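Here is a quick walk through a protein chain, written with the bench in mind. Have the structure open and follow along.

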Amino acid sequence: MIACQLSLYPLGTPAYTPVIKEALAVLEQCGVEIEVNAMGTIIRGEEEAVWRAARQLFQVAAGRGEAVLVMTVSNRCGCKVANKKAPARGS
């Protein structure tokens, strides 16, 4: 599992909200967990599904005009970790 935080910036249009909403709608079809917040969107899932979702989101926005997509990808931060115990200190 990996997590990816995405921030999409449609350029050159005062009506950026429809572009972002259209791009986010694509994520719902990608088989990833989606968490939308004020500064971006976090997607989680199997590695190939996350990469595919990010690519499709960008392609939708780029198809509507110029766009910038900022991504942070992690296989730890933002991922759900099965009850792993940290090693005891001093051992």
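## The chain at a glance

Buried residues account for 33% of the 91 residues in this chain, and keep in mind that what you are looking at is a predicted model. The chain exposes about 6,300 Å², with carbon and sulfur atoms supplying 54% of that area.

As for secondary structure, there are 2 helices and 4 strands. Reading from the N terminus, the elements go β-α-β-β-α-β. If you take the contacts between residues at least 6 apart in sequence, 66% of them join residues at least 24 apart.

## What fills the core

The largest nonpolar core holds 20 residues. Leu6, Leu8, Val32, Ile43, Val50, Ala53 and Leu57 are the ones that touch the most other members. Four elements, β1 (2-10), α1 (16-27), α2 (47-63) and β4 (67-74), each put in at least two residues. The largest share comes from α2, with 7 residues.

Leucine 6 is a handy place to start clicking around. Leaving out residues up to four places away in sequence, Leucine 6 touches Gly40, Thr41, Ile43, Ala54, Leu57, Leu69, Val70 and Met71.

## The hairpin

Now look at β2 (residues 33-37) and β3 (residues 40-45): these two strands run antiparallel and are joined by 5 bridges. Together they make a hairpin with 2 residues between the strands. Across the pairing, isoleucine 34 stands opposite isoleucine 43 in β3.

## Salt bridges

Side chains of opposite charge can pair when their charged atoms come close. How many salt bridges does the count come to? The count is 3.

One of them is between the side chains of arginine 64 and glutamate 22, at 2.3 Å from N to O. Arginine 64 sits in the loop between α2 and β4 while glutamate 22 is in helix α1, so this pair ties together parts that are 42 residues apart in sequence. Arginine 64 is partly exposed, at 46% relative accessibility, and glutamate 22 is partly exposed too, with a relative accessible area of 35%.

Over on the hairpin strands, glutamate 33 and arginine 44 meet through their side chains at 3.1 Å, N to O. Here glutamate 33 is in strand β2 and arginine 44 in strand β3, 11 residues apart. Glutamate 35 also forms a salt bridge with arginine 44, at 3.1 Å, N to O. With partners shared this way, Glu33, Glu35 and Arg44 belong to one network.

Is arginine 44 buried or exposed? Arginine 44 counts as buried because its relative accessibility is 10%, and the cut-off for buried is under 20%. Its acidic partners are partly exposed: glutamate 33 has a relative accessible area of 31%, and glutamate 35 comes in at 36%.

## Out on the surface

Tyr9, Leu11, Val68 and Val70 make up a nonpolar surface patch, with about 320 Å² of accessible area together. Tyrosine 9 belongs to strand β1 and is partly exposed, at 41% relative accessibility.

Valine 73, in strand β4, is partly exposed as well, with a relative accessible area of 36%. Which residues does Valine 73 touch, not counting those up to four places away in sequence? They are Ile2, Ala3, Cys4 and Trp51. Valine 73 and alanine 3 are 70 residues apart in sequence, yet their C-alpha atoms are 5.8 Å apart in space.

Methods:
Residues are numbered from 1 along each chain as its sequence is written. This is a predicted model: local features need pLDDT of at least 70, side-chain atom pairs count only at pLDDT 80 or more; totals for chains, interfaces and linings use all residues. Side-chain values use heavy atoms; hydrogens and water are left out. A nonpolar core is a set of buried Ala, Val, Leu, Ile, Met, Phe, Trp, Tyr and Cys residues joined through side-chain atoms within 4.5 Å. Buried means under 20% relative accessible area, exposed over 50%, partly exposed in between (1.4 Å probe, protein chains only). Contact means heavy atoms within 4.5 Å. Patches are made of residues with over 30% relative accessible area and no salt bridge: like charges are joined within 9 Å, nonpolar side chains (Val, Leu, Ile, Met, Phe, Trp, Tyr) within 5 Å. Accessible areas come from the Shrake-Rupley method with a 1.4 Å probe; for residues, only the protein chains shown count as cover. A salt bridge is a side-chain nitrogen of Lys or Arg within 4 Å of a carboxyl oxygen of Asp or Glu. Two strands pair if DSSP finds at least two bridges between them.
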